[in-house]
Amino acid sequence: MTVPVSVPRGLPAPGPRSVVRHRLPNGLRVVLSPGRPGPRAAVAVHYGVGFRSERPGREGMAHLFEHLMFRGSESLPDGAFFDALHPLAGTANGTTHQDYTDYFQAVPAQALEQALFREADRMRAPRFTPAQLSAQLVEVTREIESMRDGRPYGGLPWPLLPQALFRTFAHAHDGYGDPGRLGRITVEDCAQFFETYYAPSNAVLTVVAPHSEDGLRALVERHFADVPARTGGAPATPPEPAPDGHRLLCRTDERVPRAAVAVGYRLPDPAGDLSAYAAHMVLAELTGRARPADGSPFEAPVSAGCGFFGALDARDPDALVVVTALPQGRSAEDFTRRLTGWWERQAAPRTCEEPDTVARVAAALAARHRRDHADVQRRCRALGRLELLFGHAELADELPDMIARTTPAEVAAAAARLAGAYHATAAVTPARTDTATAAGQAPAPAPDPRRAPATGTADTRPTAPPAPNTGTLPVGRAIRLARTARGPRPLPRLGEPAVPALDGAREGVLANGLRVLAAPDRRGRLVELRLRTALGPWGWRRPREIAALLSAVDSATGATARAARLGGELRLSTDGQWADVSGWAPAEEFTALLAIVAELLTIRHPGDTADAFTGPALPRRSPENLMDEALRQHWLERYGPAVPGGSGVPDDPAPPPGPPLSLADAAFVVVGAVDPERVLTEAAHALGRLPSHSPAPVTATGEGVPTRVAPEVLVLRRPSDGAVRLTLCAPEPPRAGTSEPARYLTTALFGGHLGARLAERCRRLDRAGHVVFAARDTVAGRARALVRVTAPRAALAAAVDDVREEAAALAAVPPGDEELEVVRRYCAAQLLTAFDSPGLLADALRHTVVSGRGLEWVVRRPALLGEVSGEEVSAAAHALFVPVTDTLVVLGDVEPADVTRELS
């Protein structure tokens, strides 16, 4: 049954059928986006319940219930929700916001019906037990500690700022709640919460998939039409009175080095005046880009955005939020005076930012929205959210154009409104001022309101729980709700597997050896660009200097700022192994973006002295990055560079001649709404004449590496919480009689997915606290096989023995057909995740090219993996993972002598 959908005042009427909507007899609203390009599908269910639905004494109930909804339903009891999802590289999660809670999945298109089945089963008949409730209280307590209580500035801007900005309990209270009070909630309370708020009539189901409209309608009706209608529904949220003055809320925190403030202003109601709301979005973007060096009144960078969790993420009342860290000696009042002056400057006639600046910023903001919604899951969630909140899912497609049309006069009017409006300020200050210590410190980074986390389902291990919650029911007894006469139902079978396609893609090699790959993709009307180059021996030895050089190159060319003026972004980075240039822009700016990249490749080293390497410190590095850096230095010193004629020795102080970014062993990937033939032609013109600056390409190799009886052990002393991280690895033999598909499949089977041999061993032996996975990559020009392990300090030797024994077992006995089929299916499904968005596809193709593979591998990988036999897997395991303990890198609070003795 199709029901007309009314459009709130101020919102444009729905356009052509960019989305299809209808309503089931039980009241469930359905939004479909059929025929979406790509081999994956997304499903989301948005329920009209959030923080603002909670009653006094029940703060945090919506978030707790969101966690509980993953733990069991009539056909999928005891956490079986994920059993068929993870083997297909599918993902699922949920988040709780002010006015809604959403649940979402992304799966291969062949598993769409299973995703719909899971959502329908828990909408129809969730299953609650006291034990599950207690377990989820553990998770929620941990999340509250992680996101709010356990980190500096954890409550800024949310949930502190709403307490200052709003006066009504529904809008002002803390949606995380108090763990002690949450511990008094019973399963009966949960059952009542479900009956009240989780009725089909209070929900929107959204599907984005490559299927036809008729096919999607049939699947939706098959699984949701018999969900019983219920009279429950979210009661109207009480209105929030208009602000009647400026308000200030202060908190102290002994962990913060500097004071930080968040300032909030009430926004126009988008349901009444969407154009004014969009103008505030552009004004916030202008404010966030303002820098002291550019003449802004702010003394430190600021973050600004509409909404606590993003634009159009809540009904009225909503807020424009500005956050900054205060310079030493400045107060919250100092900043709000400067902020008011900024609004007045933007509002003054002919002194608002130049018209071309407003247009450029609006175009960039519009392009970022298009990029976000080019992702299959983000698009699905946006459609459902906008339909639930405003009855207008099409805003996901219409909003970018509306933003781009915003005029300087509209932005000036928004600024004038804020200049005369009441504001609320939340401040977090140090518990005591230590002027001597703080004087030389840089201001702490400002929390970004655009990235404020909504509470969500965390995939983490539980810590010690609060007291068990048995409610009024005996432990083990469950409440099952709204069951139908049919009872539990079997999970539907998978459909036909989707075959990845890159129709029209082209690849080639330029005269200087640069490999170029171009793939068409019109989602988002953008172009994604990736350039990756091997650092070479000098760069591998000096990652800090490389980071400084890249910063100097960016400063010399103005690359980042120029890309921003194009309406896109550009970033230069290094992980110690590679240098990367990653960027995107509107498709019409491809030539200009390419020119910026070409200029980056012509900037020479700024000098040969230590003064040339002054620059920002390396970004915070992960434990894995730290271990790989130590291994890289060790292998270079022991084996020498894996480069014929490679330059330098470990103590060589000078960089090689030429630009920091060399085209030796480089890959250039373009994905987007640009013709691939044009990409190859323009790349050849812009990049093909540049020299490679290397006597020979870096070649991943393992030749000349001796086999040792005892492993080498490198220990990095670092504070830890009792767990220790290990990387076990060895150079990968270049010729061992095994094919690339066999090595790929073997890595996944051994330790590359949740059901892999190493993961199963940890479960079988009850290795609590062990996380183990296998991979292959390149270090210092040498291909390697590796296993990453996180384990308790007392179990290091056992963890290494686990890897050795499983590798020996796999090498000795070929796996059976059933196990191979499970891994093949997982690997094929995992490949499809790269097609979720143009950006992800560009990242995946970059990795493919630098690994020495091409389009043939991307398209034919499922078929190639299907040809691998069990015997080939055993041979590959013998070549890759039997010698994987050649070198062990250990990171943690351990004594080197003790670890060497235990692990050797």
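Which residues does histidine 211 touch, not counting residues up to four places away in sequence? In this predicted model, the list is Pro34, Gly35, Ala109, Leu112 and Leu216. Histidine 211 sits in the loop that runs between strand E7 (203-208) and helix H8 (213-224). With a relative accessible area of 23%, histidine 211 counts as partly exposed, because the cut-off for buried is under 20%. One of its partners comes from far back in the sequence: proline 34 is 177 residues away along the chain, yet the two C-alpha atoms are separated by 5.6 Å.

Leu112, one of the residues touched by histidine 211, also turns up in the largest nonpolar core, which has 79 residues. Leu112 is among those with the most contacts inside this core, along with Phe65, Tyr198, Leu205, Val207 and Phe224. Phenylalanine 65, for its part, is in contact with Tyr103, Phe128, Cys190, Phe193, Phe194 and Tyr198, leaving aside neighbours within four places in sequence. Another core, of 76 residues, lies apart from the largest one and includes Leu510, Ile546, Val581 and Leu714.

Then there is a charged residue to look at. Arginine 127 belongs to strand E6 (residues 127-128) and is buried, at a relative accessible area of 13%. Its side chain makes a polar contact of 3.2 Å with the side chain of aspartate 78.

As for confidence, the chain averages a pLDDT of 86, and 85% of the residues score at least 70. Residues 607-616 stay under 50, with 16 contacts beyond four places in sequence in the model. Residues 694-704 are also below 50, and that stretch has 28 contacts beyond near neighbours in sequence.

Technical notes: Residues are numbered from 1 along each chain as its sequence is written. This is a predicted model: local features need pLDDT of at least 70, side-chain atom pairs count only at pLDDT 80 or more; totals for chains, interfaces and linings use all residues. Side-chain values use heavy atoms; hydrogens and water are left out. pLDDT is the predictor's confidence in each residue, from 0 to 100. Contact means heavy atoms within 4.5 Å. A nonpolar core is a set of buried Ala, Val, Leu, Ile, Met, Phe, Trp, Tyr and Cys residues joined through side-chain atoms within 4.5 Å. Buried means under 20% relative accessible area, exposed over 50%, partly exposed in between (1.4 Å probe, protein chains only). Helices (H or I, at least four residues) and strands (E, at least two) are DSSP runs, numbered from the N terminus. A polar contact is a pair of N or O atoms within 3.5 Å; within protein, one must be able to donate a hydrogen and the other to accept it, and residues adjacent in sequence count only if both atoms are side-chain atoms.
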